[in-house]
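Work through the exercises below with the sequence and the model open beside you. Try each task before you read its solution.

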Amino acid sequence: MKYLVTGGAGYVGGVVAQHLLEAGHEVVVLDNLSTGFREGVPTGASFIEGDIRDAAKWLDSSFDGVLHFAASSQVGESVVKPEKYWDNNVGGTMALLGAMREAGVKKLVFSSTAATYGEPEEVPIVESAPTRPTNPYGASKLAVDFMITSEANAHGLGAVSLRYFNVAGAYGKQGERHDPESHLIPLILQVAQGRREAINVFGEDYPTPDGTCVRDYIHVADLAEAHLLALKAAEPGEHLICNLGNGEGFSVRQVIETVRQVTGHPIPEVVAPRRGGDPATLVASAATAREKLGWNPSRTDLAGIVADAWEFAQSISAAREQ
């Protein structure tokens with residue numbers, strides 16, 4: 001099978017591209033390198049430096065499907081530059097869907113997000129929970145989900161949207177290296193490396209066991225395996241939505257302590273005020289993914305996730321010093 005991976009030079013897209021290659025598929029990566037890294041494209045994949053708006057230049061009937069990761073994804077930036085998120089995430093995906101329709105490519109796996117839910121009424125979060133995103137990033141991803149449903153109903157697209165919770169860890173050439181970094185585990189690892197003096201703990205008075213926010217962490221390799229299963233599950237004219245998470249939450253302080261244990265470094269903390277819009281607990285119900293995709297995450301140990309991320313962070317630092 002031959003697949004186009006948009007955003008395949010990025011963190012999750014690159015790991016999924018690697019898994020597709022390991023499964024024996026032909027992979028073409030399309031990425032404009034605005035946030036991705038050329039060296040992150042896995043060996044064996046063809047690479048096109050270009051924009052998803054121009055996907056029609058390369059997409060033809062030889063492709064069996066598209067896995068779509070190309071998006072702007074910084075929550076904070078989306079609040080101050082919402083036009084970028086509507087233009088890139090929604091406008092870009094609309095162009096991609098048009099290119100797929102024109103080429104007769106009928107399978108799509110879309111990288112969605114738990115940010116579509118906003119602040120949940122109940123946890124664990126199920127797919128039928130109200131979708132009330134609290135920022136333009138989540139709103140743009142939700143808009144794309146609506147677009148995909150319409151495309152499936154009108155034109156027979158077979159699609160699966162995967163709503164990620166907190167993706168972490170590393171695999172192959174890819175780990176987290178956002179600029180600016182906003183994810184908790186790599187931020188704590190920067191403290192361990194001496195690149196940051198301390199980690200901010202935003203609020204310690206939440207209604208959780210230790211007062212800090214609780215999040216559901218999923219290893220990027222488990223996440224990638226769900227995408228391959230989603231390709232098999234996609235049915236013409238149907239749009240399936242699945243949450244991806246471990247179904248178990250870890251608090252900010254639990255994550256900090258795990259990083260201390262894994263790295264052997266002290267991690268100073270600075271308690272800061274709560275951030276607006278931070279729910280106390282975000283934990284996924286992955287029952288739909290288990291039932292519909294046959295997906296069962298196997299790398300659920302937080303220490304193992306942190307250890308993989310730590311190894312990657314050290315390798316990147318070593319490469320910078322050379």
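The exercises that follow deal with helix geometry, charged pairs, the nonpolar core, backbone angles and cysteines.

This is a predicted model, in which local features need pLDDT of at least 70 and side-chain atom pairs count only at pLDDT 80 or more, while totals for chains, interfaces and linings use all residues. Residues are numbered from 1 along each chain as its sequence is written, and side-chain values use heavy atoms, with hydrogens and water left out.

**Exercise 1.** Compare the expected span of helix 4 with the distance between its end C-alpha atoms.

Solution. Helices (H or I, at least four residues) and strands (E, at least two) are DSSP runs, numbered from the N terminus. Helix 4 covers residues 136-155, which makes 20 residues. The expected span is 1.5 Å times one less than the number of residues, and for helix 4 this gives 28 Å. The end C-alpha atoms are 28 Å apart, in agreement with that value. Just after helix 4 comes G156, with a positive phi of about 80°.

**Exercise 2.** Find what joins the side chains of D145 and R163, and decide whether each residue is buried or exposed.

Solution. First, a salt bridge requires a side-chain nitrogen of Lys or Arg within 4 Å of a carboxyl oxygen of Asp or Glu. The side chains of D145 and R163 form such a bridge, at 3.0 Å from N to O. D145 belongs to helix 4 and R163 to strand 6 (residues 158-164), so the pair ties together parts that are 18 residues apart in sequence. Next, a residue is buried under 20% relative accessible area, exposed over 50%, and partly exposed in between (1.4 Å probe, protein chains only). D145, at 2%, is buried, and R163, at 3%, is buried as well.

**Exercise 3.** Carry out the accessibility step for the salt bridge between R274 and D205.

Solution. The bridge between R274 and D205 has an N to O distance of 2.9 Å. R274 sits in the loop between strand 12 (269-272) and strand 13 (281-282), and D205 in the loop between strand 8 (199-202) and strand 9 (214-219), so this pair ties together parts that are 69 residues apart in sequence. R274 is partly exposed at 44%, whereas D205 is exposed at 54%. The structure holds 14 salt bridges, and E204, R253, E257, R260 and E269 are linked in a network of them.

**Exercise 4.** Locate the largest nonpolar core relative to the two domains.

Solution. A nonpolar core is a set of buried Ala, Val, Leu, Ile, Met, Phe, Trp, Tyr and Cys residues joined through side-chain atoms within 4.5 Å. The largest one has 36 residues, of which V12, L20, L67, L162 and L244 touch the most other members. Domain bounds come from an automatic or database domain assignment. Domain 1 (1-166 + 217-242) and domain 2 (168-213 + 245-319) both contribute residues, so the core lies between them.

**Exercise 5.** Which peptide bond is cis, and what is the phi of L33?

Solution. Most residues other than glycine have a negative phi, and most peptide bonds are trans. The bond from V123 to P124 is cis, with omega near 0°, and P124 lies in the loop between strand 5 (107-113) and helix 4. L33, although not a glycine, has a positive phi of about 60°.

**Exercise 6.** Count the disulfides.

Solution. A disulfide is a pair of cysteine sulfur atoms within 2.5 Å. Applying this rule gives zero disulfides. C213 is buried at 6%, and C242 is buried at 0%.
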